[in-house]
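Me: I would like to learn how to read a structure of this kind, feature by feature. Could we look at it together before we start?

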Amino acid sequence: MSSMTREQISVVENESMLLAVDAFAGTGKTTTLVEYSKCRPDKRILYIAFNKSVASEACARFPENVQCRTTHSLAYTRVGKRYQEKLGSPKAWEIAQTFQCNTKRAKDALQTLANWFCSADSLISEEHLDVELQGDSAVASDIVQLADKVFAAMKDKRSPIKMPHDGYLKIWALELPNLAFDIILLDEAQDTNPVTLDVVMRQDCQKVLVGDRHQGIYGFRRAVNAMETVQAKSRVALTQSFRFSEQIAGIASALLTDFKGEDKTIVGRADMSNAWSIDRSQPFTIIGRTNAGLFSSAAALVLDNDVKLHFIGGFDSYVFGKVLDAYFLWADERSRITSPSIGRFNCFGDFQQYGVEAGDLEIAALVKTVEQYQSQVPRIYEAMKASQVSLQEKADVILTTAHRAKGLEFDQVHMQDDFIELPPEKQYDPEEINLLYVALTRAIHAVRLPESLTRWLRGRAQRTNSVKATETVDGTERWHSLQGEMSEREAWVRENVEAFDRTSADVIRFLLQKVDILRDALD
Ligand SMILES: Nc1ncnc2c1ncn2[C@@H]1O[C@H](COP(=O)(O)OP(=O)(O)OP(=O)(O)O)[C@@H](O)[C@H]1O
């Protein structure tokens, strides 16, 4: 424990019943939680991880008194295995067939159920509909009724309608489980589903929520930022990063201070510095904000070179098909479009206009990519598919979106130019700043910043310098006026020293003598 920082020690020694640990990027939260657990060998501890791979890695690091699980694995043991014969995701057409409705209605009911599964609510209601469906109360009520019936079918072992993983998690949560642990460590608390948070907060035990409120990037999946919503009895911050230099820490802090009102500063490693460009003769990672932005960077690579690409999470998980669909819209081959969200546009111009009006970064990137590569898009898609390798270590270039990059680190990072423009418009989604912060703080030794971020930093440095210059002018003026005031007082004391009693007068004379000596020395 001697090598731990003061901040880490203050977490390890904290006995609060509800402790929130604001762990900024790369600040060694797992190391801290492992130490916290080692110091409490007689306590039964549950570490709740965000996903399966984090839980398995944690199993190898935590001591024996700690169970490392995901909420789904906890729920599976108690409820999910009852449905092991029928686990899966029901399809809209099956729902439409079973309940005699159209596919659109079936899809809306499934989405409503998915939203309800994540919530802490016990009943399905109109609140769980996607916002655009909430306007018409008759339609909304129909969808809620259908969702109720579908959920009943999911639970019915005789029905062929499958039980989704979030479905048995919800049933488990509704049973108000008693987890029977002395301490719960909830990791990635900034992106917790309300259903999980509710189960955790109901437990009568000590709780430690760990997360970085600036890495909350799953709001679109109805996650809540527990680091902001929960009123913790005690809060500790981990600000010393062990991953990156002071320069990267400085940029991350500037972003969080200016756009998120953060008052803490991330401290980088004083013993390392970083490069601002990528050495392309060595493996590097491209982090894009959007799938289309990533497609565009991969296109530039596969068109020119024989290159091995690794896509974090697998090529097929990136919905690059949307780029193809946007291309089919551009090429007026509408019959080949598979995505309904693109198929609903009459022409590429409408799609482009909608993207601008909605301020949608994904559409903007799709439009830009299609306009740039035009008829080469299908060829690029095939070339990308052919260039992929499944092992990260075998790749020349690793590609990922900022969403998938969370929790990972890379030696060299090239940030694509499809992140939010800075400074952002008046109305902006703070999660866009979080995504910039997540991407930037993945880098260890080298990072290429997006142009917009570089421009903003330059402007910020100029503004800071001019503020400093004004402060210097103001400071000089204040100093002159203070000096004038002091001289007047000194002259008065010199003239009136005899008016004081004898002891005070002696002290004043002694001090005036010292002032004269000092003044002579300075002259
Ligand atoms: N007090 C420390 N002194 C030196 N290195 C440390 C200290 N604490 C953690 N580290 C190192 O920092 C690195 C990241 O630590 P750890 O794996 O605990 O972080 P994490 O939880 O995975 O990351 P993050 O903080 O980004 O979520 C590790 O290499 C770890 O050894």
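**Reading the ligand site and the folds around it**

Me: Which residues are the closest to the ligand, and how many surround it?
Reply: Bearing in mind that this is a predicted model, 13 residues surround the ligand, and the closest of them are Q8, G26, K29, T30 and T31. By character, the shell divides into two nonpolar, eight polar and three charged residues.

Me: Which polar contacts should I look for at the ligand, given a limit of 3.5 Å between N or O atoms?
Reply: On the side of the ligand's oxygen atoms, one lies 2.4 Å from an N or O atom in the side chain of T31, and an oxygen atom is also found 2.9 Å from an N or O atom in the side chain of R243. A nitrogen atom of the ligand, in turn, is 3.0 Å from a backbone N or O atom of S3. Of the 630 Å² of accessible area that the ligand has on its own, the protein covers 63%.

Me: Which elements give two or more residues to that shell?
Reply: They are α2 (29-38) and β7 (240-245), and α2 provides the largest share, three residues.

Me: How should I read a sheet, and what is the strand order in the open sheet of five strands?
Reply: In general, strands of a sheet pair through backbone hydrogen bonds, either parallel or antiparallel. Here the order is β10-β11-β9-β12-β13, with parallel pairing. Because β10 (309-311) and β13 (443-448) stand at the edges with a single partner strand each, one side of each is left without a neighbour in the sheet. From one strand to the next, the twist averages 25 degrees. Within this sheet, β9 (residues 284-288) and β12 (residues 410-415) run parallel and are joined by three bridges, with I286 standing opposite H414 in β12.

Me: Where does the backbone call for a closer look, for instance at a cis peptide bond?
Reply: The bond between L422 and P423 is cis, with omega at about -10 degrees, and P423 has its place in the loop between β12 and α19 (430-440). Another residue to inspect is Q100, whose phi is near 50 degrees, a positive value in a residue other than glycine; Q100 lies in the loop between α5 (92-99) and α6 (103-118).

Me: Which domains does the assignment give for the chain?
Reply: The assignment gives domain 1 (6-78 + 173-238), domain 2 (89-162), domain 3 (284-449) and domain 4 (457-469 + 484-522). Between the C-alpha centres of domain 3 and domain 4 the distance is 64 Å.

Note on methods: Residues are numbered from 1 along each chain as its sequence is written. This is a predicted model: local features need pLDDT of at least 70, side-chain atom pairs count only at pLDDT 80 or more; totals for chains, interfaces and linings use all residues. Side-chain values use heavy atoms; hydrogens and water are left out. Domain bounds come from an automatic or database domain assignment. A residue is near a molecule or strand if one of its heavy atoms lies within 4 Å of it. A polar contact is a pair of N or O atoms within 3.5 Å; within protein, one must be able to donate a hydrogen and the other to accept it, and residues adjacent in sequence count only if both atoms are side-chain atoms. Accessible areas come from the Shrake-Rupley method with a 1.4 Å probe; for residues, only the protein chains shown count as cover. Helices (H or I, at least four residues) and strands (E, at least two) are DSSP runs, numbered from the N terminus. Ala, Val, Leu, Ile, Met, Phe, Trp, Tyr, Cys and Pro count as nonpolar, Asp, Glu, Lys and Arg as charged, and the others, Gly among them, as polar. Two strands pair if DSSP finds at least two bridges between them. Axes are lines fitted to C-alpha atoms, for helices over the stretch in contact, and angles run from 0 to 180 degrees between N-to-C directions.
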